[in-house]
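Work through the exercises below with the sequence and the 3D view side by side. Try each task before you read its solution.

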Amino acid sequence: MSFFRKIFKKAIRDRKVDEDIVKVKGKQKPKYYGTVVPYPNFNASSDASTLQSAIKGHEVDMDVINVVLVNRSNEQRQKIKVVYEASTGKRLDRDMKSALKSDIEDVSLALLMDPPHFDAYLLRKATKGFGTSEDVIVEILATRSNQEIREIKRVFKEEYQHDLEDIIRDETSGDFTKALLAMLKADKDESVEIDKEVARKDAEILLEAGENTSGFNVSAFIDILTKRSGPQLANTFEHYAAISDIKLPTALDMELKGDIEDCLVDIVKCSWNTSAFFAEKLHLAMKGHGTCEDTLIRVLVSRSEVDLKKIVQEYRAMYDVSLQEDILMDTKGHYESILLGLCGDH
């Protein structure tokens with residue numbers, strides 16, 4: 001555990017995989033740790049009418065908009081969009097864009113996208129214009145399931161008329177490109193079962209690739225880190241720590257530089273504790289001068305129906321302050337309210 005504490009700069013709690021799994025009709029499924037749940041008395045027509053009135057009034061009623069968006073699941077929001085267009089002849093997202101501005105516009109529009117469209121939008125934004133947001137690309141590809149990655153690729157092609165793989169090849173280079181394309185294959189093992197013998201062998205391969213050769217064999221790291229499941233990799237890292245004098249992140253830092261180093265270290269973080277990985281992202285977004293609104297919106301919206309409850313817990317454990325307290329310090333107004341609502345403070 002010590003070398004993972006070094007990664008996060010603070011002590012984090014051990015991940016206990018068994019506690020995150022439940023059996024539904026004999027099949028293992030992850031527990032729900034989202035902060036947003038379906039609204040029990042949902043009525044798409046009523047919500048569509050309410051939002052229309054809030055947008056088209058003399059003054060935009062942000063309190064009403066916040067209440068509706070935060071207290072409906074993404075699936076329910078998609079139904080509201082359909083009814084809104086059917087009854088008004090206009091698209092809800094476009095009307096929202098015309099009525100709102102700044103950060104509240106960005107978070108509201110993000111909430112109106114379904115997950116694959118939001119991820120595709122984020123990836124296009126990360127690869128378009130001057131510079132590439134490498135950390136955003138890695139974050140998305142390292143934390144989505146195989147099926148989610150396939151859906152993202154489909155939507156990306158549909159929305160932007162280019163294959164995501166082609167964009168990655170054009171905008172990145174070298175070993176970093178290889179790692180991203182490996183993740184885009186969407187063939188990672190997703191079993192929660194751990195093969196300790198495979199973990200032991202993988203640890204030996206990583207040791208040989210990183211420490212016992214004249215040159216760092218990055219291909220071996222890419223192959224293992226992009227194909228094994230999170231629980232399997234966590235066990236591999238434990239074996240690595242037992243047989244190596246140099247801890248894995250230290251080895252990566254010594255031998256690699258730039259995008260590929262950051263990419264592989266982020267995969268290590270996600271595999272060990274995904275919620276702590278996102279807690280760190282949120283903390284860094286609010287640390288020091290200025291706030292990275294893009295990161296706050298991206299993480300809170302994308303994880304609100306996945307594991308935001310756990311992220312909130314990890315944040316408190318890692319930084320001795322609640323995520324909500326830091327949001328209160330760094331944001332204001334209706335934007336602050338909608339972010340707190342996503343954290344579960346309805």
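**Exercise 1.** In this predicted model, find out which residues R144 touches, leaving aside residues up to four places away in sequence.

*Solution.* Begin by locating R144, which sits in the loop between α8 (134–143) and α9 (146–160). Next, collect every residue with a heavy atom within 4.5 Å, and the list that results for R144 is D119, E139, I149, I152, F278, S302 and R303. Finally, look at the side chains, where R144 and D119 make a polar contact at 2.8 Å.

**Exercise 2.** Decide whether R144 is buried or exposed.

*Solution.* First recall that a residue counts as buried when its relative accessible area is under 20%. The relative accessible area of R144 is 10%, and therefore R144 is buried.

**Exercise 3.** Two of the residues that R144 touches, S302 and R303, belong to helix α18 (residues 293–303); determine how many residues of α18 are buried.

*Solution.* Go along the helix and note each buried residue, which gives E293, T295, L296, I297, R298, V299, L300, V301, S302 and R303. Ten of the eleven residues in α18 are thus on the buried list, and the helix is mostly covered.

**Exercise 4.** Describe the setting of these parts in the whole protein, starting with how many helices and strands there are.

*Solution.* The protein has 21 helices and two strands. Of its 346 residues, 49% are buried. Turning to contacts between residues at least 6 apart in sequence, 71% of them join residues at least 24 apart. As a last step, consider the accessible surface, which comes to about 17,000 Å², with 48% of it belonging to carbon and sulfur atoms.

Conventions:
Residues are numbered from 1 along each chain as its sequence is written. This is a predicted model: local features need pLDDT of at least 70, side-chain atom pairs count only at pLDDT 80 or more; totals for chains, interfaces and linings use all residues. Side-chain values use heavy atoms; hydrogens and water are left out. Buried means under 20% relative accessible area, exposed over 50%, partly exposed in between (1.4 Å probe, protein chains only). Helices (H or I, at least four residues) and strands (E, at least two) are DSSP runs, numbered from the N terminus. A polar contact is a pair of N or O atoms within 3.5 Å; within protein, one must be able to donate a hydrogen and the other to accept it, and residues adjacent in sequence count only if both atoms are side-chain atoms. Accessible areas come from the Shrake-Rupley method with a 1.4 Å probe; for residues, only the protein chains shown count as cover.
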